[in-house]
Every structure is written in structure tokens, then in C-alpha cells.
Amino acid sequence: MFEAEAKFTIGQVVRHRKHPFRGVIFDVDPTFSNTEEWWESIPEDNRPKKEQPFYHLLAENDSSYYVAYVSEQNLETDPTGAPVDHPEVIAMFGELNNGQYRLEVQLN
């Protein structure tokens, strides 16, 4: 059985390597745990490996807020130190402290 160790942590602010969005991690799957339909919707030459951590983000770009599901290989630490403006961040985490959010609610 494959075991992955997550590079990023819950509450960490990250950004996508290829697409213009950033967000705060609120959950981690040790390997791919979404639907095959979602997987198939990614162009084949851009599909990440399933055998790596995948992260749930409260994400934002220049025009919207949403929840994103992103593979570890497509994320990097966000160097800006700026808070994430997604409307659910404050309710779930509270304020940004030294570049990290602290989880304030219990997830299942």
C-alpha cells in the first residue's frame, strides 16, 4: 500500500503553480479521493499522479471565491504573506498569524 506524506499543512496559504489562484488548505487526502468524472475532466497531458497528497483549498482568484481540489505537485507556498479573502476563511480559521491560519472549527 502506498503511503504519502503531505508537504503542506492545514491552515497554510499556497498558490497553484500553473493557474492564477491561491488559497488556504482546510483538508488533505493522502492520495486522490475525488470522482473519476472529475479526474477525466482534466486534459490527459495535464493529469497529476493519483498517488500523492491532494489538498482542499478555500481558493480565490481575481474574480471569485471557490473550493479547489489540487494535487501536491501543482502547489507551492504563497510568498506574499497576505491573508486569503475567501469569505469562509474567518469562520473556519480566524485571523492570519505569522503566515499561517489556525483551524478554529472541528472537521469530520
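## A walk through the strands

Start by selecting strand E2 (residues 22-29) together with strand E3 (residues 54-60): the two pair in the antiparallel sense, and seven bridges hold the pairing. Keep in mind as you look around that this is a predicted model.

For one rung of that ladder, pick Gly 23 and look across to E3, where its bridge partner is Ala 59.

Now stay on E2 and colour by accessibility. How many of its eight residues are buried? Six are, so you can call the strand mostly covered.

Next, bring in strand E1 (residues 13-16). E1 also runs antiparallel to E2, here with three bridges. Click on Val 13 and then on Val 24 in E2, and you have a bridge pair. Follow the backbone from E1 into E2 and you'll pass through a hairpin, with five residues making the connection. With both pairings on screen, E2 has E1 as a partner through three bridges and E3 as a partner through seven.

Time to move along to strand E4, which covers residues 65-71, and pick out Ser 71. Is this residue buried or exposed? Ser 71 has a relative accessible area of 2%, and the cut-off for buried is under 20%, so Ser 71 counts as buried. To see what surrounds Ser 71, skip its neighbours within four places in sequence and show its other contacts: Pro 48, Gln 52, Pro 53 and Phe 54. Phe 54 brings you back to E3, the strand of residues 54-60.

Zoom out now and switch to a cartoon of the whole chain. You should find two helices and five strands. Trace them from the N terminus and the order reads β-β-α-β-β-β-α.

Turn on the C-alpha trace for a sense of scale: its extent along the principal axes is about 35 × 30 × 25 Å. The radius of gyration is 14 Å, which agrees with the value near 13 Å that a compact globule of 108 residues would have. Of those 108 residues, 38% count as buried.

If you like contact maps, draw one. Taking contacts between residues at least 6 apart in sequence, 55% join residues at least 24 apart.

Finish with a surface view. About 6,800 Å² is exposed, and carbon and sulfur atoms supply 47% of that area. Colour by charge and you'll have 9 positive and 19 negative side chains to find, with the centres of the two sets 6 Å apart.

How values were computed. Residues numbered from 1 in each chain as written. Predicted model: local features only at pLDDT ≥ 70, side-chain atom pairs only at ≥ 80, totals over all residues. Heavy atoms only, no water. Helix = DSSP H or I, 4+ residues; strand = E, 2+ residues; numbered from the N terminus. Rg over C-alpha atoms; globule rule 2.2 N^0.38 Å. Buried < 20%, exposed > 50% of the residue type's maximum accessible area, 1.4 Å probe, protein only. Contact = heavy atoms within 4.5 Å. Areas by Shrake-Rupley, 256 points an atom, 1.4 Å probe, with all protein chains shown as cover. Lys, Arg positive; Asp, Glu negative; His and termini not counted. Charge placed at Lys NZ, Arg CZ, Asp CG, Glu CD. Pairing = 2+ DSSP bridges.
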